Amino acid sequence: MPAIVRITRDLLDAQAVRVLEESVTTRGDGGVVTFQGVVRDNARGKQVRSLEYDAYVEMAEQQMAQIAAEVEARWEDSTVALVHRIGRLEIGECSVAVVVACPHRGEAFEACRYAIDTLKSTVPIWKKEIYTDGEEWVEG
Amino acid sequence: MRVHVRYFAALREKVGKDAEDLDVSAGAMVSQARAALIERYPQLASTLAGCAAAVNLAYASAETALNDGDELVFIPPLGGG
């Protein structure tokens, strides 16, 4: 089954995540692991009001497709969805969803961890923290 | 030759534009393009020092050779996820 890889400006709400889960899960899958990155209200000792994400979309989607391909090659019979939202995000909203479906749970957990860790360290996406008294592009 | 530079995130804010063309000498490498940008925008020096580079959608090194029409992007520290 082809992987789902996308950068979007649309809200990644519970319904959108559910659609991803249903899309990657086949009748042979016993484990579906979903990671959601969520915007939190504090970072580096400061109160965060909102976030802004920017992306080099063409390259980011290509890198994400590569990650999905790596996952599917390394964990047999796995199917991956990687969706990252960009634009302005409010506290509590989901910035990234990684869903991996596998025959067994061990592989699903490992593959999901690998996918999000690799996304964070390689995909050209940037985050700006907006505080009450300023804003800053931050790493990590 | 001419390469097309695109700006994102902190770089876009500092330069005030999304993209522009940059003239570099034939056979120039990424390092020379970086130097040319710093000459044009001295205020970018410290930010660019912390950036990776990508040519035509793939990560590149300082020694990667550029070709006419290439798309060059300097990549500030990542914040995805």
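User: What makes you say that helix 2 of chain A lies across strands, and which strands are they?

Analyst: In this predicted model, helix 2 (residues 57–74) of chain A lies across strand 1 and strand 6 of chain A. Contact takes heavy atoms within 4.5 Å, so helix 2 of chain A has such atoms against both strands. Helix 2 runs at about 155 degrees to strand 1 of chain A. The angles compare N-to-C directions on a scale from 0 to 180 degrees, so 155 sits towards the opposed end of that scale.

User: And helix 1 of chain A: which strands does it lie across, and at what angle to strand 8?

Analyst: Helix 1 (residues 14–24) of chain A lies across strand 1, strand 2, strand 6 (79–85) and strand 8 of chain A. Its angle to strand 8 of chain A is about 20 degrees.

User: What makes strands 1, 6, 8 and 2 of chain A a sheet, and what kind of sheet is it?

Analyst: They form an open sheet in the order 1-6-8-2, with mixed pairing. Strand 1 (4–8) and strand 2 (31–38) of chain A are the edge strands, as each pairs on one side only. Neighbouring strands here are turned by 5 degrees against each other on average, direction ignored.

User: How do you know that strand 2 and strand 8 of chain A pair?

Analyst: Count the bridges. Pairing takes at least two, and strand 2 of chain A shares 8 with strand 8 (residues 94–102), so the two count as paired, in the antiparallel sense. One of the matches puts V38(A) with C94(A) in strand 8 of chain A.

User: Which strands make the other open sheet, with order 7-5-9-10, antiparallel or parallel?

Analyst: Strands 7, 5, 9 and 10 of chain A, and their pairing is antiparallel. The edges are strand 7 (87–90) and strand 10 (134–138) of chain A. Neighbouring strands of this sheet are turned by 25 degrees on average, again ignoring direction.

User: What backs up the pairing around strand 9 of chain A?

Analyst: Strand 5 (residues 50–55) of chain A is joined to strand 9 (residues 125–131) by 6 bridges, and strand 9 of chain A is joined to strand 10 by 5. The rule asks for at least two, so both pairs pass. E52(A) stands opposite K128(A) in strand 9, and E129(A) has E136(A) in strand 10 as its bridge partner. A hairpin through 2 residues joins strand 9 to strand 10 of chain A.

User: Why is K128(A) with E13(B) called a salt bridge?

Analyst: Their side chains meet at 2.6 Å, N to O. The limit for a Lys nitrogen and a Glu carboxyl oxygen is 4 Å, so the pair qualifies. Across the interface of chain B and chain A the rule finds 3 salt bridges, along with 15 residue pairs in polar contact, both residues at pLDDT 80 or more.

User: How many residues does the contact take, and which of chain B lose the most area?

Analyst: There are 19 residues from chain B and 27 from chain A. About 1,800 Å² is buried between the chains, with carbon and sulfur atoms giving 56%. In chain B, L57(B), L78(B) and G81(B) lose the most, together 36% of what that side buries.

User: What makes up the side of chain B that touches chain A?

Analyst: Helix 1 (9–15), strand 4 (58–60) and strand 5 (71–75) of chain B each supply at least two residues. The largest share, 4 residues, comes from helix 1 of chain B. By type, that side divides into 12 nonpolar, 3 polar and 4 charged residues.

Conventions
Residues numbered from 1 in each chain as written. Chains lettered and ligands numbered in written order. Predicted model: local features only at pLDDT ≥ 70, side-chain atom pairs only at ≥ 80, totals over all residues. Heavy atoms only, no water. Buried area = accessible area lost by both parts, 1.4 Å probe. Polar contact = N/O pair within 3.5 Å; in protein donor to acceptor, adjacent residues only side chain to side chain. Nonpolar A, V, L, I, M, F, W, Y, C, P; charged D, E, K, R; others polar.
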